[in-house]
There are 2 protein chains.
Amino acid sequence: MRPREFDHDDVLRIAFEQFWRKGVRGTSLSDIARDAGVQRGSLYNAFGSKEALFLQAYERYAGDYLVALQKALGAGSLRKRLIAFFDLTITNFRSGTPPRGCPTTRGLMELGAAEGEGLDEDARQAFANLISRITALVQDALSAGAKRGEFSGNPAAAALHIITVTRGLAVIERAFGDEPQLRKIAAHTVDLVLDKRGR
Amino acid sequence: MRPREFDHDDVLRIAFEQFWRKGVRGTSLSDIARDAGVQRGSLYNAFGSKEALFLQAYERYAGDYLVALQKALGAGSLRKRLIAFFDLTITNFRSGTPPRGCPTTRGLMELGAAEGEGLDEDARQAFANLISRITALVQDALSAGAKRGEFSGNPAAAALHIITVTRGLAVIERAFGDEPQLRKIAAHTVDLVLDKRGR
DNA sequence: CACGTTCTTGACGTCGTGTCAAATACTCTT
DNA sequence: AAGAGTATTTGACACGACGTCAAGAACGTG
């Protein structure tokens, strides 16, 4: 066998960076190939298609992101955990300076939908998977908080609600680009869930 | 002047139908031209570009949608109004049978992002405009409800929260396609906002 | 050291967007 | 009523992107 002339993971990282910044549609395989110093054909050989490449790059990212979220949800009072969770959700929207959308939400709405109606099952599952796992993390935090008397309510329902707000924030961010407002919404949500209404 | 051989509004409707079903990316101007019985070049002459055509088609839809929302938010108890609002938000995701995503959320995440980072100012504003106006409608309903003692809290913050949940639902719908779950989240949100916690 | 397997490379086909100039059809003026 | 003007239509063209394929290249293995 002839050995590969590039590092699989490096290409995934480079590709994801581009996909994140310019969108899947706005990124051509030529762009990625140039950036990675790889021939375009080699990418097809190694990954199959543009969408498959994106999906692999996305799953790489999803792993890292989950770890960060888990850490954020693991220390302090329940309120602190939730605030940290929202914080990470909001700030991770941008990696350096310029705001870029949430990859999951972006990808979900941008991908597939080529022919019939929805997006391909593979892609859908990749995104749904991450969302499910994040929901589980939040639910665990809430359940633990319930035992400590920091929260009264249905952990499953509340977790789902929080995750929904999270996804909504990604959309609002793209529509208005107003980060302070996002934080206000997040704080308000935490108040609602923790039963401290008003402000 | 030579008169146009097609009806401007008809084309807008046909185009939006396609954009909604197959996504902006998944719809080619050839598709629309064929469906509308118009030459592709004529579309460019009349609308300028694919994105411009989508934006005009979208604004046409936005007007109709706003009217429907306003009606839903205008009758019954505050709780009934909010439920009706969420209902319309959820069911309007599909027009006939097959579930198609929320056009606003789809468009926001799919459009632009070609070069630098975000989407063009024109497009962003079109979406942000609809979201703002919907938020205003909800806020009005909440303010009225506050006077009637159906709601205590900050109408602006609550409206923003509700709209965020709404946008989140569009994402969740696309990830899981599970409509009953959407309704549960909606009901839970109404409970939270109206201060009837638990279930 | 040859063999085979995999990767690489460049050319090709197809499709989509957007532009342009020539032809066309209508209206308005005289 | 006829011609001039103007906007629309039409088809051809250029360009870029995705994906495929066959031929060449590089490495491990017997």
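This report looks at how two protein chains meet each other and how they meet two DNA strands.

## Before we start

What you see is a predicted model, so local features need pLDDT of at least 70 and side-chain atom pairs count only at pLDDT 80 or more, while totals for chains, interfaces and linings use all residues. Residues are numbered from 1 along each chain as its sequence is written, chains are lettered from A and ligands numbered from 1 in the order in which they are written, and side-chain values use heavy atoms, with hydrogens and water left out.

## Where the two chains meet

Let's begin with the protein partners. On chain A, 49 residues are in contact with 49 residues of chain B (contact means heavy atoms within 4.5 Å). Together they bury about 4300 Å², and carbon and sulfur atoms give 63% of that; buried area is the accessible area (1.4 Å probe) that two parts lose on being put together, summed over both.

What about polar links? The rule finds seven residue pairs in polar contact across this interface, both residues being at pLDDT 80 or more. A polar contact is a pair of N or O atoms within 3.5 Å; within protein, one must be able to donate a hydrogen and the other to accept it, and residues adjacent in sequence count only if both atoms are side-chain atoms.

Five helices, α1 (8-26), α6 (103-110), α7 (121-147), α8 (155-176) and α9 (179-193), each supply at least two residues of the side of chain A that touches chain B. The biggest giver is α8(A), with 16 residues. Helices (H or I, at least four residues) and strands (E, at least two) are DSSP runs, numbered from the N terminus. Sorted by class, this side of chain A has 24 nonpolar, 12 polar and 13 charged residues. Here Ala, Val, Leu, Ile, Met, Phe, Trp, Tyr, Cys and Pro count as nonpolar, Asp, Glu, Lys and Arg as charged, and the others, Gly among them, as polar.

## A half turn

Turn chain A by 180 degrees, with a shift of 0.0 Å along the axis, and it can be laid on chain B with an RMSD of 0.0 Å. The two copies are therefore related as by a two-fold rotation axis. In chain A, the C-alpha nearest that axis belongs to Gly168(A), 1.8 Å from it. Both copies use the same surface, as 100% of the contact residues of chain A recur in chain B. For the superposition, copies are fitted by least squares on the C-alpha atoms of residues with pLDDT of at least 70 in both.

## Around DNA strand D

There are 19 residues around DNA strand D, and Arg40(A), Tyr44(A), Lys50(A), Met1(B) and Glu5(B) come nearest (near means that one of a residue's heavy atoms lies within 4 Å). Sugar and phosphate account for 67% of the strand D atoms that come within 4 Å of the protein.

Some side chains reach the bases: an N or O atom of Arg40(A) is 2.7 Å from a base oxygen, and one of Arg2(A) is 2.9 Å from a base nitrogen. The side chain of Lys50(A) instead has an N or O atom 2.8 Å from a phosphate oxygen.

## Around DNA strand C

Strand C has 20 residues around it, with Met1(A), Glu5(A), Arg2(B), Arg40(B) and Tyr44(B) coming nearest. Glu5(A) has a backbone N or O atom 2.8 Å from a phosphate oxygen of this strand. In the side chain of Tyr44(B), an N or O atom is 3.2 Å from a phosphate oxygen.

Which helix gives the most to the surface near DNA strand C? That is α3(A), with three residues.
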